[in-house]
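The report below walks through one protein model, taking its strands, its charged side chains and its pockets in turn. Please keep the sequence and the coordinates at hand while reading.

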Amino acid sequence: MNCQSGKQIISLAALLAGLLVASQAVAQQDAPEDTPVVESFSASQFAERIPEGVPDDAEQVVNGAEFLNLYTGPGRGYVIDHVVEYGERLWLLKRRTDWVKVMTRTGKTGWTKISDLDEIFAVEGEQVTVPTPGIDDYRDQGFRLGFAYGDFAGANSLGVSLGYRFTGNISAELRATQTIGAYSDSQTYQVALLHQPFPQWRLSPYFMLGTGVNITSPNATIVATEDRQDTTMLTGIGVTTYLSRRFALRAEVANHYLLTSRENNQEIVEWKLGFDVFM
């Protein structure tokens, strides 16, 4: 009896093992081939696709903040049109003052302040810093308009200048100065070449060399006098410091050497303080 029970148990175990092997074979035959992850529904839904119209020079970054507000224009006065979520990719398109225009992976564009982009990262994981407007912007500006007030050999002087930067170190200026004195008035018209050896410094010195004409009008009322026109040679040194993105404070001392028709030439020292407006 015991022997028959043992044989029955062994037969039952063999039957169960056979059924298990058969079910595994059927499952392997019915199972589809392995599907790549990139073709799965989740990957298709959340894949980072490059939107149409992205410029070739646009920089791709990933938002690391909880959210990022995109405005319809470069200013807080514009409305928030879109919110970028954490981990979403962005393309930096261009900068205007301290605002940056970006594009999302869905092709949506908007503006955000540079200070709000303090948690963006490259695709490789390195943190990306967007430069704020600084001295590089001043060096990129071509034209500038300047106004100055100073002392011209004891007389009050008011000057205006128009400058153009050719390179990071060299620029040229057209200068006009009106001088009002106790005994005579004068107008000076000059063209000057300026050399800025350290344009990357916020407090940047410069050297000046130029030429022009000086027209002197005496204020005598008893004896008739004539206006005098003399050629001038100009040398000087100055310093510029930047106050904001479009304004700079400027101070200089210049030496005017007047080539007169009289026996002795005249040398005049001029001090000026003014500001430049970048255009």
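In which sense do strand β14 and β15 pair, and over how many bridges? Strand β14, which covers residues 228-242, pairs with β15 in the antiparallel sense, and the pairing extends over 12 bridges. The model discussed here is a predicted one, and every value quoted below is to be read with that in mind.

## The barrel

The β14 and β15 pair belongs to a barrel that eight strands close, in the order β9-β10-β11-β12-β13-β14-β15-β16, with antiparallel pairing. From one strand to the next, the twist averages 25°.

Several of the neighbouring pairs can be described in detail. Strand β12 (residues 184-195) and strand β13 (residues 203-218) run antiparallel and are joined by 12 bridges, and within this pair T188 has N214 in β13 as its bridge partner. Between β14 and β15, M233 stands opposite Y257 in β15, and the two strands are connected by a hairpin that passes through four residues. The next pair, β15 and β16, is also antiparallel and is joined by 12 bridges; here A248 stands opposite D276 in β16, and the hairpin that the two strands form has six residues between them.

## The two faces of β15

Strand β15 shows two faces that differ in their covering: A248, R250, E252, A254, H256 and L258 make up the covered face, whereas F247, L249, A251, V253, N255, Y257 and L259 make up the uncovered one. Two residues of the covered face, R250 and E252, also appear in a network of salt bridges, in which they are linked with R144, E173, R175 and D276.

## Salt bridges inside the barrel strands

Side chains of opposite charge can pair when their charged atoms come close. Over the whole structure, a search finds 12 salt bridges. In one of them the side chains of R144 and E173 meet, with 3.2 Å from N to O. This pair links distant parts of the chain, since R144 lies in strand β9 (residues 143-152) and E173 in strand β11 (residues 170-180), 29 residues apart. Both of these residues are buried.

E173 has a further partner in R175, and the closest N and O atoms of that salt bridge are 2.9 Å apart. R175 is buried, as is E173. Elsewhere in the network, D276 and R250 meet through their side chains in a salt bridge of 3.2 Å, N to O. Because D276 lies in strand β16 (residues 266-278) and R250 in strand β15 (residues 247-259), this pair ties together parts that are 26 residues apart in sequence. D276 has a relative accessible area of 4% and is therefore buried, and R250, with a relative accessible area of 8%, is likewise buried.

## Pockets

The largest pocket holds about 240 Å³ of space. It is lined by 17 residues, of which F152, A153, S184, Q266 and I268 are the closest to its centre. Strands β12, β13 and β16 each supply at least two residues of this lining, and β12 gives the most, with three residues. Sorted by class, the lining of the largest pocket comprises seven nonpolar, eight polar and two charged residues.

The second largest pocket holds about 180 Å³ of space, and its lining is formed by E59, L92, L93, K94, R95, V100, V128, T129, V130 and P131. Strand β4 (residues 89-96) provides the largest share of that lining, four residues. By class, six of the lining residues of the second largest pocket are nonpolar, one is polar and three are charged.

## Two loop residues

Most residues other than glycine have a negative phi. A153, however, has a positive phi of about 55° although it is not a glycine. This residue lies in the loop between β9 and β10 (155-165), and because its relative accessibility is 55%, A153 counts as exposed.

G87 is found in the loop between β3 (80-85) and β4. Its relative accessibility is 30%, so G87 counts as partly exposed. The C-alpha atom of G87 is separated by 5.8 Å from that of V62, although the two residues are 25 residues apart along the chain.

Note on methods:
Residues numbered from 1 in each chain as written. Predicted model: local features only at pLDDT ≥ 70, side-chain atom pairs only at ≥ 80, totals over all residues. Heavy atoms only, no water. Pairing = 2+ DSSP bridges. Axes fitted to C-alpha atoms, helices over the stretch in contact; angles between N-to-C directions. Salt bridge = Lys/Arg side-chain N within 4 Å of Asp/Glu carboxyl O. Buried < 20%, exposed > 50% of the residue type's maximum accessible area, 1.4 Å probe, protein only. 1 Å grid on protein atoms, 1.4 Å probe; cavity = no way out; pocket = protein on both sides within 12 Å on 5 of 7 lines; lining within 4 Å. Points joined across faces, edges and corners; volume = space filled by probe spheres on them. Nonpolar A, V, L, I, M, F, W, Y, C, P; charged D, E, K, R; others polar.
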